[in-house]
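Please look through the structure shown here, with the report below as a guide. The report goes from one helix to the contact between chains and then to a sheet.

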Amino acid sequence: MKQVSNRKLGRNILKLSLIFILTISTSIFAQEGDPAKGKSLFNANCAACHKLDKKMTGPALRHIEQKLADEQGLDRAWLAAWIRNSSSVIKSGDAYAAKIYDEYGGAAMTAFPQLSDQDISDILAYTAEEAPAPVEVATASGTGQASSESGISNKIILGALALLFALLAMALLLVRRTLNRFAEAKNVDVTETKGVPIWKAFVQNQFLVLVTVIFLLLASGYYLYGYMMQIGVDQGYQPVQPIHFSHKIHAGDNGIDCKFCHSSARVSKTSGIPSLNVCMNCHKSVYEVAETTATEEYSKEFYDGEIKKLYDAVGWSDADQKYTGETQPVKWVRIHNLPDFAYFNHSQHVSVAGIECQTCHGPIEEMEIVSQYSPLTMGWCINCHRDTNVKVKDNAYYTKIHEELSKKYGVEELTAAQMGGLECGKCHY
Amino acid sequence: MSSNKKYWKSVEELNENSSIVETLQQNEFVEEIPTDEFLGNKESLESSKTTRRDFLKYVGFSTAAASLAACEGPVIKSIPYVVQPVEIIPGVANYYATTIADGFDFASVLVKTREGRPIKIENNTLATTSGSANARVNASVLGLYDSMRMQGPVKGDSYISWEDLNAEVSQKLTELSGSGKQIVLLTQTFASPSTSKLISEFKQKYGNVNHVVYDAVSESAALDAYQAKYNERGLASYDFSKAETIVSVGGDFLGDWQGGGFDSGYAAGRIPTKGKMSRHIQFESNMSLTGANADKRVPVTPSQQKLVLAKLYSEVVGGSVSVDLPEHILTAVSKAASQLKSVGSKGVVVTGVQDVNAQTVVLEINDYLNSKAFDAATPIKIRQGNDKAVNTLVAEMKAGKVGAIIMSGVNPIYTLPNAADFAEGLTQTELSVTFSLKADETSTQTQYIAAAPHYLESWGDVELKKGHFALMQPTIRPLFDTKQFQDALLNWTGNDVSYHDYIKQTWNENILAGSSFSQALHDGVFVSNGAISTSNGTNATATATDDKTFVGGIIEDVATGLGLNKDKETTTATEQTTTTASVSGASAARALASSTASAGLELSLYTKVGMGDGKQANNPWLQEFPDPITRTSWDNYLTVSKDDAKALGLKSEHVANGGLNGSYANVTVNGTTIENVPVIIQPGQAKGSVGLSFGYGRTTGLKNEMKTGVNAYKLYHNFNNVQDVSVSAAQGMHEFASVQLHNTLMGRGDIIKETTLEIFNTKDKSEWNAIPVVSLNHVETPVTSPEVDLWDEYDRTIGHHFNLSIDLNACTGCGACVIACHAENNVPVVGKEEVRKSRDMHWLRIDRYYSSEESFAEDIEKKENISGLGSSLSEFGEMEHASDNPQVVFQPVMCQHCNHAPCETVCPVAATSHGRQGQNHMAYNRCVGTRYCANNCPYKVRRFNWFLYSENDEFDYHMNDDLGRMVLNPDVVVRSRGVMEKCSMCIQKTQKTILDAKRDGREIKDGEFQTACSAACGNGAMVFGDINDKDSKVAKLLEDNRMYHLLEYVGTEPNVQYHTKVRNTTEA
């Protein structure tokens, strides 16, 4: 889903830029480009392979025009020709073009014949901008202070409260002492009547003892039952994973469809933990997180470090932009564990029934660290089977069965239970 | 049936005054509990600081700690692929077509793999050349995960690298190539065009190379006969579906006769359609699978078989021979001959007599009949061994003429009768290399063990029949550091292509004729239209043809041996026809007729359905597979007829715990004695003959548990499966693990329903397949009617309702379904001791019933006429003694999935319940093991887990090691101790079929639903499907006249149907 919309977005941008080119670009060679427009063009066309300050699939592009002019004596016309069709430049026998081609592993640059001269000027203007000054440490420490301030303020409030209670207690003691002194002064006898201690009175009241015992027994029975029932139920199980993979960032912030990575959920009984080559489809170019991704709890450095862990595991050398071949499979901690005597098939629920992943797995897209959302007990399964209607629409398999069964049970729509979803052997074999 | 027999375990018990028996009767446990070991030493007991209270404290603490720890769930790791192969989706099975060609079993198969692990062998429905996968082929997947396999090449006692091995071997070979000493390749039958080509290249490079093909169980006689007649080394192929009359003289063609694979065609002709079915007459000495299926079985000794053939030839083709045979056999032969003549081209004769003349006679008869079932034009290529060449080789090795011997797929030190000579010869060679899966009897004696891959890890090609090719492809990356023979040959010939590329090249050049290699690989088979013949290119074959001169089409030396040359001078007048073929046939028949019966006992050596030639002896599935005839697992044994046993003082009997015991016998052939061979008295064994199977008695390269039985190859002199033998009783009794105790059916014809073709065609169904009736208000009401039912009927007309249909006519008892069930359902192996205690775990068993009379009517009549105790004792006793020539019925029995299941009502915890789709469910995790259900099951199909059979050193079979557990089906639970289990009607498979249809949004077609057993049955005996789909095959079978349910009068309404067995007793 996401991919499709992305592609559309890209196409829209292209269209827009085409219109833009047709309407605005009148001069053949506009010397001055607009860095703002250049930035958007760069992000739409170039960013998949180029970064300004980092070598990726292609070279780093900061001050590229200047560099070429200084080091190779190549002008903007050469650059424009290269951008519009690099392979023809290579074929023409240009020495530098051939050198670049070889340096980047013989991967030809995508041709961009649709870019106008104005577009190229804009992009080059963007690349000619100075790198922004490194972010001041002060800002980071500032946020640190802010967080520590909030911590301190909590402590102050607590301390103040404690002080207040202490004062109150002292005040009460003082009042009592004062009152006693008054009584003494007025010769009022304040000898406290020593009654039967409460516990003795309690023991003497047999009815109360009986009630309490019954209550205690019931309570302990209740809690014991509760304790027993949660044995083997790992609801809320939230283990620490070898790589801090944030579903919040991927499925939530970036809106990646669950089945994009967990593709086997569509056809298999397991949803499948994505193999690392699936991660690398995106993370080849996503080598760091955006500033905005960092939270108070997890800094950008932390997230970038986790991406490094992925690179180590899959054997990707970010500097050379190639695989080293030294892999180290990731040992994820399995969160959802069904006992082996219970058969569960993802595809039945995901593809046939069309159930959202979140129905069982909870708001995964909000989970920074995934935990087990549902109890995964048999009662939980059964209840859902009792309540959920079978999705029979447009499924030729169900047509006949549904027609006959719904007539038999006298219902409009059949639940999974009526379809046989409560039979032991459907899940236990 | 109550029995008045006195059961006894040992001879001692018969002695009334024995004190031992007295003691044993009083004490349940023979040995005292060895308390002295830990309580005997008073000093140490007193000096111990641990008081009783301390001890209780420790116990209490450790119990509490253990139970607390148990509440904590384990941390489970999941490790995904780094780079997931595109074709693998975790949880989804992939299928690959490949071919097994281990030298004994050849079949095109489909391999089911899960997450890259082969877990099951299935039939390749695209392959029609070779029959379906038999029990051994089904079990072969377990051989891949054998923990005893070689993990890398070995020199002496230490592992070496392949580079070193290749360098050392090719250096030695180069040295030898100029020395004048032979370089010998001793191999199994590969029947591989690429390997043949490769070997000829190897010969070119090293010069004096001799390729000897060696089949452990020889078919040389048949090959020689075929070669003599058709000038090509091969075996005639047969399609029994085209035959109306089949006469077999000692040919176990439903077993391993001439490579096997004939049962599908046979079964097709056995199902009565339009009032017709084939008639099968069998003359044989051992009770074989084929004989058990025959309409008429005549027990004859091996030497009589030759006479029978001679007589048959003279009756069918012409000419006269006088043979010395008992009257009843002569009559049977005459009748068979007239039946053959009456059907003409729809008749066929086969023989298993290992004699060139016998095989020639059969070829001639079939030729004469112009039999449609007989096909000499496309010979079978899967047996190419040459006995003479092997004998010559052993002699030359002993003489020191062999410089290097390289073996692949053979184990001569185990399989040769003169193994000692071979071993001695081996020491004379300068270089000896064995390509072997195991460190077995032979490979441990050679300088190098070149670790070979399993066929599921190998590339290969096979020419099953002339022009019918099959491809072998790896279905898993090699588990160990192995290399196949062909890859090594490529290396030694200095060719650096892989064997895969080599095959591809060979196929593209010689076989495919423009067809796609990928398509052939996908299908697993390729049938070429043009006649492409792969030359064997072996010296062995060359010698075979060169050395012989032909006398009237048969080989001179054989003829001389049988006194044929003398015959030829005296009788010429009888030869009516002038064609050379006929001449050879007639003279061969005469040669047969002149063969004399031996005075003593004759031994027929045979292969068992479960063990074959013994290659897979370390396969626990096969060891525990009960032989179809004797129902005995974990053993081979001497089968003896009742009369001979009596004369020799041999016994086999059942003892009180239900086990079968047999005497030991010493068996001597030609000076070689095997001591202590256990004896089974086999009903139907021809008097004067005994039988012993190959494949057992392995000593090296297998687990101790699998070292069962005796090695019959020691008696296989001159590769003749018939030997003169002397048998004498030895001390002691052998304890068998036999799973069926019934001797005869005792007239209880309602378990098996059987009729004859005549009655089937002429009489009403109610006469031969009546529904039992009960009396309701003095009116006889069929048990199937709802009024007499205790249960309320549940509406099963909506959705699927599964039925399994079993046709007793098509079932040959081969047991492929049994092994397929093991593989599919993770059925554990329990071992010999447990099987003996009736604790086998087989979900599917094939019961074998004998009936002593020609028809059940006679049995029933006898039973009805018993009057008084005296009579009943003798008459029942008579019926209990299986007759000299019983009729046999095989009946596969699994959970019958009763609609009104007796097991479900007695389960106190509702662990077993009924599904709407007709399956009787079993929730293992709910079961508490009361075993009430097993008690209440009328079919005795429920199995109880007495022990934990996985990861338990007491049961050291495949489920006890990580490697062996790789074969387990991840969709089926491995059951634990204390729970009941049984056939689930492969609910995991039906559920998968339903899910696939749901996902595709389509209806399910007939034939999509399969169980493991129905898919494995190549005979069409088992049909599975949905009876609510009125057009399905199984729904039609339900309406068939032959259909009945097992023990219908119990009223259980099973979902397994049986189809009445019809025998064709019509004599021409």
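## A helix of chain B and its surroundings

In this predicted model, the buried residues of helix H34 of chain B are Ile987(B), Lys989(B), Thr990(B), Gln991(B), Ile994(B) and Lys998(B). What covers these buried residues includes H15 and H18 of chain A, together with strand S34 (802–807) of chain B.

H34(B) covers residues 987–1000, and because a helix is expected to rise 1.5 Å a residue, its 14 residues should span 20 Å, which agrees with the 20 Å between its end C-alpha atoms. The helix is followed by Gly1001(B), whose phi is positive, near 65 degrees.

## Where the two chains meet

The contact between the chains involves 46 residues of chain A and 39 residues of chain B. On the side of chain A that touches chain B, the elements that give two or more residues are helix H13 (276–283), strand S3 (332–333), helix H15 (346–352) and helix H18 (396–409) of chain A. Of these, H18(A) gives the most, with six residues. By residue type, this side of chain A divides into 19 nonpolar, 17 polar and ten charged residues. Two of the elements named here, H15 and H18 of chain A, are also among those that cover the buried residues of H34(B).

Strand pairing also joins the two chains, since S3(A) and strand S1 (residues 77–78) of chain B pair in the antiparallel sense over two bridges. Within this pairing, Trp332(A) has Ser78(B) in S1(B) as its bridge partner.

## Chain B as a whole

Chain B has 36 helices and 44 strands, and of its 1068 residues, 54% count as buried. Among the contacts in chain B with a separation of 6 or more, 75% are accounted for by residues 24 or more positions apart.

## A parallel sheet in chain B

Four strands of chain B form an open sheet in the order S12-S11-S10-S13, and the pairing is parallel. The edge strands, each of which pairs on one side only, are strand S12 (296–299) and S13 of chain B. From one strand to the next, the twist averages 10 degrees.

Strand S10 (residues 245–249) of chain B is joined to S13(B) by five bridges, with Val247(B) and Val349(B) as bridge partners. Five bridges also join S10(B) to strand S11 (residues 279–284) of chain B, and these two strands run parallel; here Ile246(B) stands opposite His280(B) in S11(B).

## How the sheet is covered

Although S13(B) is an edge strand, is it mostly covered or left open, and how many of its residues are buried? Strand S13 (residues 347–351) of chain B is mostly covered, with five of its five residues buried. In a regular strand the side chains alternate between the two faces of the sheet. For S13(B), Gly347(B), Val349(B) and Thr351(B) lie on one side and Val348(B) and Val350(B) on the other, and both faces are covered.

Two helices of chain B lie across strands of this sheet. Helix H11 (residues 302–316) of chain B lies across S10, S11 and S13 of chain B, running at about 140 degrees to S10(B). Helix H12 (residues 327–343) of chain B lies across S10, S11, S12 and S13 of chain B, and this helix likewise runs at about 140 degrees to S10(B).

Technical notes: Residues are numbered from 1 along each chain as its sequence is written. Chains are lettered from A and ligands numbered from 1 in the order in which they are written. This is a predicted model: local features need pLDDT of at least 70, side-chain atom pairs count only at pLDDT 80 or more; totals for chains, interfaces and linings use all residues. Two residues are in contact if their C-beta atoms, placed from the backbone, lie within 7 Å. Ala, Val, Leu, Ile, Met, Phe, Trp, Tyr, Cys and Pro count as nonpolar, Asp, Glu, Lys and Arg as charged, and the others, Gly among them, as polar. Two strands pair if DSSP finds at least two bridges between them. A residue is buried if 20 or more other C-beta atoms lie within 10 Å of its own, exposed if 12 or fewer, and partly exposed in between; C-beta atoms are placed from the backbone. Axes are lines fitted to C-alpha atoms, for helices over the stretch in contact, and angles run from 0 to 180 degrees between N-to-C directions. The expected span of a helix is 1.5 Å times one less than its number of residues.
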